Amino acid sequence: MTAFSLDPRLTADCEWLADLALCKVLLLKDANYPWLVLVPQVANCKEIIDLSDTQQEQFWRESAAVSRVLQQLFKPDKLNVAALGNMVPQLHIHHIARFKNDISWPKPVWGQHPAKSYDADLLAERSAKIVQLLNL
């Protein structure tokens, strides 16, 4: 049996925030958008349908919890939730708070603008608030 390990590209591009029952919660290191990524801690998983029925149910509960946190904390105009995986095949699901005045609106965020690094204070503050609202 293969053990779960996080893809090195996700490790490089994200800040770890928490481990939920199924998923790791990561904050993408792009201050242009409030952007969380859920990664089910299941080895060799590329698609949501690769999860068992029980795991899929747990994933959707965790996705809803993360979505509610983004709604509560940032009050976005729209939440974008997507699993692409073309560049990083390990199953990971993006949860992005979007605003009519963000730099990419109304286009998708991918490939529009370079990532903006977080200021250390904003990264720490945002991370703490998200973890607190996840009730961890």
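**Exercise 1. How many nonpolar, polar and charged residues does the lining of the largest pocket have?**

Solution. Keep in mind that you're working with a predicted model.
- Start with the space: the largest pocket holds about 470 Å³.
- Next, the lining: 22 residues surround this pocket, and those nearest its centre are Asp13, Leu28, Trp35, His94 and Trp110.
- Now sort the lining by class, and you get 11 nonpolar, 7 polar and 4 charged residues.
- Finally, look for the top contributor: helix H1 (residues 8-13) gives the most to this lining, with 3 residues.

**Exercise 2. Work out which residues line the second largest pocket, and sort them by class.**

Solution.
- The space in the second largest pocket comes to about 150 Å³.
- Walk along the chain and you'll pick up Ala3, Phe4, Ser5 and Asp7, then Val42, Ala43, Asn44, Cys45 and Lys46, and then Pro89 and Gln90.
- By class, this lining has 6 nonpolar, 3 polar and 2 charged residues.

**Exercise 3. Trace the order of the strands in the open sheet, and find out which strands stand at the edges.**

Solution.
- Reading across the open sheet, its 5 strands come in the order S1-S2-S3-S5-S4, with antiparallel pairing.
- S1 and S4 (78-82) each have a single partner strand, so they stand at the edges with one side lacking a neighbour in the sheet.
- From one strand to the next, the twist averages 25°.
- Zoom in on S1 (residues 14-19) and S2 (residues 23-28): 5 bridges pair them in the antiparallel sense.
- A hairpin of 3 residues links S1 to S2.
- To check the register, take Ala18, whose bridge partner in S2 is Val25.
- Move on to S3 (residues 35-40) and S5 (residues 93-98), which run antiparallel and are joined by 4 bridges.
- Here Trp35 has Ile96 in S5 as its bridge partner.
- Trp35 should ring a bell: it's also among the residues nearest the centre of the largest pocket.

**Exercise 4. Are helices H2 and H3 parallel, perpendicular or oblique to each other?**

Solution.
- A pair of packed helices is described by the angle between the axes and the distance between them.
- For H2 (residues 53-74) and H3 (residues 120-133), the packing angle is about 125° and the axes lie 10 Å apart.
- Check the cut-offs: 65 to 115 degrees would count as roughly perpendicular, and over 145 as roughly antiparallel.
- H2 and H3 are therefore oblique to each other.
- As for handedness, the H2 and H3 crossing is right-handed.

Notes
Residues are numbered from 1 along each chain as its sequence is written. This is a predicted model: local features need pLDDT of at least 70, side-chain atom pairs count only at pLDDT 80 or more; totals for chains, interfaces and linings use all residues. Side-chain values use heavy atoms; hydrogens and water are left out. On a 1 Å grid over the protein atoms alone, a cavity is a set of points where a 1.4 Å probe fits but cannot get out, and a pocket is an open set with protein on both sides within 12 Å along at least five of seven lines; lining residues have an atom within 4 Å of a point. Grid points are joined across faces, edges and corners, and a volume is the space filled by probe spheres set on the points. Helices (H or I, at least four residues) and strands (E, at least two) are DSSP runs, numbered from the N terminus. Ala, Val, Leu, Ile, Met, Phe, Trp, Tyr, Cys and Pro count as nonpolar, Asp, Glu, Lys and Arg as charged, and the others, Gly among them, as polar. Two strands pair if DSSP finds at least two bridges between them. Axes are lines fitted to C-alpha atoms, for helices over the stretch in contact, and angles run from 0 to 180 degrees between N-to-C directions. Angles under 35 degrees count as roughly parallel, over 145 as roughly antiparallel, 65 to 115 as roughly perpendicular and the rest as oblique. A crossing is left-handed if the near helix is turned anticlockwise from the far one by less than a right angle, and right-handed if clockwise.
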